[in-house]
Amino acid sequence: MVSLTTLKAIKLTPGLVARFLVLPIHKVKNPCIYCPGICLASCPTFVNTGNMVLSPLGYARFPNLAREKCLKCWLCVYECPVEFPLPDTFNKEPVVLEEVSYKPGGIILVADQDIDAELASILSDKLGTGLLVIRGIKNRYTHGGPIDEKSVKKIKKRLAKAELALAVSPETAHTLNINPLILKLPALGVKVSYAGPVHIPCLLRKYKDELLDALEKLGVALTSINEECVKLSMKKDVLYLCPEAKNRGGKVVYDLLLSSMGTH
């Protein structure tokens with residue numbers, strides 16, 4: 001584990017911010033190379049090991065290692081003063097999104113073929129929504145790499161026909177910049193019964209307050225918040241909000257939802 005002394009030694013100063021702001025002028029492709037490690041405290045692999053190579057500073061220098069070891073949680077990007085998308089630099093070839101299947105509806109659930117398509121299909125039937133299944137998102141959060149913007153525009157053009165598009169997984173919400181389904185479940189008139197700790201997905205940290213409010217309305221009695229990345233640690237007594245946790249044997253809020261609706 002990395003020491004608190006190391007983390008506290010790294011401070012964001014006006015001078016450092018100014019230095020970052022002029023980097024685009026000098027056409028610097030990777031500002032992480034010039035950073036002392038503002039985001040280190042947010043990196044799960046660095047905090048877990050204390051190994052600087054397994055940190056954004058190391059991943060910025062060794063993309064081959066990053067493709068394998070980095071969790072692609074994007075927490076470093078959230079901490080970065082210039083929001084540099086480091087995981088997008090691990091591969092040169094853009095990740096292309098492809099439509100797999102489409103069922104129209106006023107509300108469209110969006111899922112990835114390799115993350116949550118089966119779960120999303122069940123949810124779509126139970127909630128009476130449409131469904132768009134795409135392929136490619138799983139690869140982005142496994143190996144890293146930029147997203148192909150043309151393919152994103154094509155997917156969003158398809159979704160523009162719906163009144164509302166909701167992502168079942170955090171990965172889909174993050175890639176397409178659409179609301180996660182969990183935020184809108186209370187408005188759909190569904191309830192669950194649960195009391196205990198809840199995990200907030202890395203990719204949904206910006207929705208944290210909204211998620212907690214939605215969970216309360218949904219019937220969740222929160223006792224504590226868990227923010228450990230599911231790719232590093234899973235706990236049996238925690239309720240997870242991401243389908244990836246279900247794939248790893250965790251208890252997911254959608255399981256409780258389907259159970260309350262008579263589906264097991």
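How many of the 6 residues of strand E2 are buried? In E2, which is mostly covered, 5 of the 6 residues are buried, where buried means under 20% relative accessible area, exposed means over 50% and partly exposed lies in between (1.4 Å probe, protein chains only).

The structure is a predicted model, in which local features need pLDDT of at least 70 and side-chain atom pairs count only at pLDDT 80 or more, while totals for chains, interfaces and linings use all residues. Residues are numbered from 1 along each chain as its sequence is written, and side-chain values use heavy atoms, with hydrogens and water left out.

## Overall composition

The protein has 14 helices and 8 strands, taken as DSSP runs (helices H or I of at least four residues, strands E of at least two) and numbered from the N terminus. Of its 264 residues, 48% are buried. About 13100 Å² is exposed by the protein, and carbon and sulfur atoms supply 53% of this area, as computed by the Shrake-Rupley method with a 1.4 Å probe, where for residues only the protein chains shown count as cover. Among contacts (heavy atoms within 4.5 Å) between residues at least 6 apart in sequence, 66% join residues at least 24 apart.

## Strand E2 and its partners

Two strands are said to pair if DSSP finds at least two bridges between them. E2 pairs in the parallel sense with strand E4 (residues 164–167) over 4 bridges, and it also pairs in the parallel sense with E3, over 5 bridges. Ile108 takes part on both sides, since its bridge partner in E4 is Ala165, and it stands opposite Gly130 in E3. From E2 the chain crosses through H7 to E3 in a right-handed β-α-β crossover, a term that applies if, with the strands pointing away from the viewer, the path from the first strand over the helix to the second runs clockwise.

## Helix H7

Helix H7 spans residues 117–127, and its buried residues are Ala117, Leu119, Ala120, Leu123, Ser124 and Leu127. Seen down the helix axis, these buried residues fall within an arc of 155 degrees, so they line one face of H7; the arc is that of the directions from the helix axis to the C-beta atoms. An α-helix has 3.6 residues a turn, so residues three or four places apart point the same way. The face of H7 turned away from the buried side carries the exposed residues Glu118 and Asp125. The cover over the buried residues of H7 includes strands E1 (98–103), E2 (107–112) and E3 (130–135), together with helices H11 (181–184), H13 (243–247) and H14 (253–260). Just after H7, Gly128 takes a positive phi of about 70 degrees.

## Two buried helix residues

Ala60 is found in helix H4 (residues 56–61) and is buried, with a relative accessible area of 14%. Leaving aside neighbours within four places in sequence, Ala60 is in contact with Asn30, Cys32, Ile33 and Leu86; Ala60 and Ile33 are 27 residues apart in sequence and 6.7 Å apart in space, C-alpha to C-alpha.

Leu218 lies in helix H12 and counts as buried at 0% relative accessibility. Not counting residues up to four places away in sequence, Leu218 touches Ile182, Leu185, Pro186, Val190, Lys191, Val192 and Val253. Leu218 and Pro186 are 32 residues apart in sequence, with a C-alpha to C-alpha distance of 5.3 Å.

## Salt bridges

Side chains of opposite charge can pair when their charged atoms come close. With a salt bridge defined as a side-chain nitrogen of Lys or Arg within 4 Å of a carboxyl oxygen of Asp or Glu, a search of the whole structure finds 12. The table lists some of them.

| Basic residue | Acidic residue | N to O distance |
|---|---|---|
| Lys69 | Glu68 | 3.9 Å |
| Arg205 | Glu227 | 4.0 Å |
| Lys235 | Glu228 | 3.2 Å |

The pair of Arg205 and Glu227 links distant parts of the chain, 22 residues apart: Arg205 is in the loop between strand E5 (194–199) and helix H12 (208–218), whereas Glu227 is in the loop between strand E6 (220–226) and strand E7 (239–240). Glu227 counts as partly exposed at 33% relative accessibility. In the pair of Lys69 and Glu68, Lys69 is partly exposed at 39%, while Glu68 is exposed, with a relative accessible area of 59%. Lys235 is partly exposed at 33%, and Glu228 is partly exposed as well, at 37%. Elsewhere, Lys138, Glu244 and Arg248 are linked in a network of salt bridges.
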